[in-house]
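User: Please take a close look at the salt bridges in this structure, and describe where the paired side chains sit and how accessible they are.

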Amino acid sequence: MTGLPVRAAALRIPLHPLGPYVSLARHARLVWELCKRDVSGRYRGSMGGMFWAFLNPLLMLAIYSFVFGYIFKSRWTAVESGNVNFAIILFIGLIISNFFSECLTRAPVLITANPNYVKKVIFPLETLSWVTVGTGLFHALISTVVLVVALVATGTAVSPAAALFPLLLLVFLPMVAGVTWLFSALGVYFRDTQQIMQVLTTSLVFLAPIFYPRSSLPEQYRWVLSLNPLTFIVESARGLILWGRLPDAVAALTYLAASLLVGWFGWLAFNATRKGFADVI
């Protein structure tokens with residue numbers, strides 16, 4: 001009889017709001033090992049090896065700065081930017097958007113690309129989303145190192161509030177994990193999801209204040225940007241790192257609640273559909 005309550009509790013975990021994080025804690029070592037394998041496998045066999053992890057954000061920074069800074073003349077006013085180099089402002093936004101885009105674009109094939117895991121009854125499939133998020137965080141960390149180098153090279157002052165940047169990412173994680181679970185499940189049953197993701201990620205990036213300030217839009221349309229999950233994180237990251245501005249408390253708590261809700265919804269959707277994965281793949 002003592003085993004029945006334990007088994008019943010285990011069955012209820014997928015429905016519990018803390019279920020995603022209980023699963024992460026339970027399989028933390030597995031997630032860590034799979035993340036390391038994912039990162040090393042991505043660069044294995046290339047002549048540059050792990051150097052590409054640093055080179056890619058550098059090239060991205062150079063190209064976007066040239067195109068949007070010199071060709072399209074995208075600019076912040078001195079009041080908006082605090083006289084910070086445009087490339088720095090742009091790159092902070094790209095760190096956030098690239099992290100989100102990497103997870104979204106990988107989500108639709110996350111399950112279909114790992115059929116061996118699906119057929120293993122004891123393998124916790126939900127950890128694959130955490131692995132994707134972990135790999136995305138690794139590349140975000142590399143890009144952050146590049147950002148620090150750029151800040152030093154340009155002599156840009158960094159606010160002490162920049163130390164809160166990891167906490168800001170922590171607020172963002174449940175939402176990223178939630179959409180990864182959701183679209184990884186959809187990708188099993190609807191193969192067009194992968195094509196939709198390419199359009200969706202591009203739209204989210206260009207409809208967020210990454211290449212332009214929110215003030216460049218007519219005032220009556222600025223609220224539309226607030227619907228984009230990237231907007232709050234991008235603007236808050238810039239405020240923390242460059243200008244020492246803390247996010248509005250109400251806005252931060254609202255975003256955290258929305259992030260946790262999206263994470264839980266994605267978790268529920270994944271667990272509700274996972275029983276049919278083996279039949280479809």
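Analyst: The model is a predicted one, and a search of the whole structure finds five salt bridges, among them the three pairs described here.

In one of these, the side chains of Arg42 and Glu102 meet with an N to O distance of 3.1 Å. This pair links distant parts of the chain, since Arg42 belongs to helix 3 (residues 28-43) and Glu102 to helix 6, 60 residues apart. Arg42 counts as partly exposed at 36% relative accessibility, whereas Glu102, at 14%, counts as buried. Helix 6 (residues 86-106), which carries Glu102, has a further contact to consider: its axis comes within 9 Å of that of helix 8 (residues 127-154), and the two cross at roughly 170 degrees. Because angles over 145 degrees count as roughly antiparallel, helix 6 and helix 8 are described that way. The residues of their contact divide into 13 nonpolar, seven polar and two charged.

A salt bridge also joins Arg274 and Glu126, at 3.0 Å from N to O. Arg274 lies in the loop between helix 13 (249-273) and helix 14 (277-280), and Glu126 in the loop between helix 7 (115-118) and helix 8, so parts 148 residues apart in sequence are tied together. Here Arg274 is partly exposed, with 23% relative accessibility, while Glu126 is buried at 8%.

The pair of Glu235 and Arg214 meets at 2.8 Å, N to O. Glu235 is in helix 12 (residues 229-243) and Arg214 in the loop between helix 10 (193-206) and helix 11 (222-226), so this salt bridge ties together parts 21 residues apart in sequence. Glu235 is partly exposed, with a relative accessible area of 27%, and Arg214 is partly exposed at 23%.

Conventions. Residues numbered from 1 in each chain as written. Predicted model: local features only at pLDDT ≥ 70, side-chain atom pairs only at ≥ 80, totals over all residues. Heavy atoms only, no water. Axes fitted to C-alpha atoms, helices over the stretch in contact; angles between N-to-C directions. Helix = DSSP H or I, 4+ residues; strand = E, 2+ residues; numbered from the N terminus. Parallel < 35°, antiparallel > 145°, perpendicular 65-115°, else oblique. Nonpolar A, V, L, I, M, F, W, Y, C, P; charged D, E, K, R; others polar. Salt bridge = Lys/Arg side-chain N within 4 Å of Asp/Glu carboxyl O. Buried < 20%, exposed > 50% of the residue type's maximum accessible area, 1.4 Å probe, protein only.
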